[in-house]
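Let's take a walk through this structure together. Pull up the view and follow along.

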Amino acid sequence: MRFTWKKGAILSAVSILAGSVILGNVLQDTHADAVPTTINGVQDAVYETADQVLHASDQGTFSVGGMLMDTDGNVVYVQHNNVVNNDLTFDPTAHGERQMIDWYYENKESQNLPEPENIVLVTSLDPCAMCTGSILQAGFSNVVVSANDTYAGINYDKSALFPSLAGTSMQAAAQDSFSYPAVLGLTEKFSRKATGAPVSSVFGENVAIEDQTYALTSTAFDATLSDVSAKINTDLPENELLDPKTLATTDPIYLALKAAYPHALEYTAPSPNAPDEGLAPYLIEAAEQDIANGGDGNAVALLDTFGNLIMALPGNQAVSEIQTPFMLTTRGYAKLRYDLQMNGVADATKYLGHPKYNTFIYAKGMEINPQGLADFGAFGSTMEGAIPTDRTQFQYGVPRATQAELDAFADGLPPFYSADDSVNVHIKQTANQDLIAALEAGLPTTSK
Ligand SMILES: [Zn+2]
């Protein structure tokens, strides 16, 4: 028996305490308490995630939970959604699976964790695009899903064929990895036949979920969806936002911006949503750091509604392969807002508006692969819902896939990401040719 999660949980708890008072670039997920349990079947496994669902509901965030177990049936790690904490958006990307995969990468070596193919990932709700990309990137090939999500789930059409991933190697990988076990019950609403990949042989003959447990994972999520969405949609309208460049250099918001990114506010785009070549040096500097951090020389800049540069960050793939530049930029901005509000800086959201009014610009365009899928999904989660349609919030400089390929991929994502009345995750090349040329000339090249 191996319950190595304890050390990580304690260290993480210490980091959270430190993180609540120190603004910086270190991102740390909050952690739920793990209970040492040995799992004997699919029902047991989903029951364990249902427990996390209750903790998530109690915290006031989306009621979703998950766990990682090894092939001996030991629970390795448990986690629940942490998008909302203290009634504030803590991290729009803090879905159970995304956090579990970052935790896995961060602790694999130090805790001697099994290889991904010898781990079973169990989740109470169908993975979204971000989490599916994260799972496929990490190579978790045994995934057990309880409830369906017909809006944002990768199996939104319940076919287990994953049409969103058609034309890519991700489709076969998902078909071989994602199991939707049978649900046994007397009601029609809370029972189903098994679809998707066969569940891992780890579970022996116990391959079904009992309907009570399944119903909890399904109804608890449905019950929190509208409440939580309302809670995180309280941001000021765009015309009430104030320009952070007018802040005194001693203001806590100004200081927090500079602590998160020393070049913050050094550049302002000539038109808020249309940066020029003046942005290039910041992206190039971050892209160079991205290579040092194990990436392929990419970076993402974030401009606010006034066109001010808020941050331009590298990824940190040496720590976790899903810590892409986009992921760390959106998480960094959320952390900035969350920490200031938790520290009682009431004006924080007047100067740091909802990200749907901001512009994210990649140095190099995304690729249609698991990391790209995760980024598309993380953009959707960041926006949370419908976004202003009079601009392009999601842009890239140097292309790595054609615009037609990117558009077709975005069009095929589950309804939350592709419906006209929802997020609309389409990414477009930036209009400024001088910016593209400056990036092409200055970005570091790698053999990766
Ligand atoms: Zn997710």
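Here is a tour of a sheet, an annotated stretch and a pair of helices.

Keep in mind that you're looking at a predicted model. Start with the sheet: 6 strands build it, and if you read across, the order is β2-β1-β5-β6-β7-β9. The sheet is open, and its pairing is mixed. As a reminder, strands in a sheet pair through backbone hydrogen bonds, and they can do that either parallel or antiparallel.

What happens at the edges? That's where β2 (75–80) and β9 (195–196) sit, and each has a single partner strand, so one side of each is left without a neighbour in the sheet. For β9, look at its pairing with β7, residues 178–180: the two run antiparallel and are joined by 2 bridges. If you want a spot to zoom in on, find Tyr-180, which stands opposite Thr-195 in β9.

Now for the annotation. An unreviewed UniProt entry lists residues 44–157 as "domain: CMP/dCMP-type deaminase". Over that stretch, the chain in this model is 33% helix and 25% strand, and the C-alpha atoms at its two ends lie 26 Å apart.

Further along the chain, have a look at two helices, α7 (residues 252–260) and α9 (residues 325–342). They pack at an angle of about 150°, their axes are 11 Å apart, and the crossing is right-handed. Which residues meet there? From α7 come Pro-252, Ile-253, Ala-256 and Ala-260, while α9 brings Gly-332, Leu-336, Asp-339 and Leu-340. Sorted by class, this contact has 6 nonpolar residues, 1 polar and 1 charged.

Key: Residues numbered from 1 in each chain as written. Predicted model: local features only at pLDDT ≥ 70, side-chain atom pairs only at ≥ 80, totals over all residues. Pairing = 2+ DSSP bridges. Helix = DSSP H or I, 4+ residues; strand = E, 2+ residues; numbered from the N terminus. UniProt positions renumbered as here; feature names shortened; annotations may be inferred. Axes fitted to C-alpha atoms, helices over the stretch in contact; angles between N-to-C directions. Left-handed = near helix turned anticlockwise from the far one by under 90°. Contact = placed C-beta atoms within 7 Å. Nonpolar A, V, L, I, M, F, W, Y, C, P; charged D, E, K, R; others polar.
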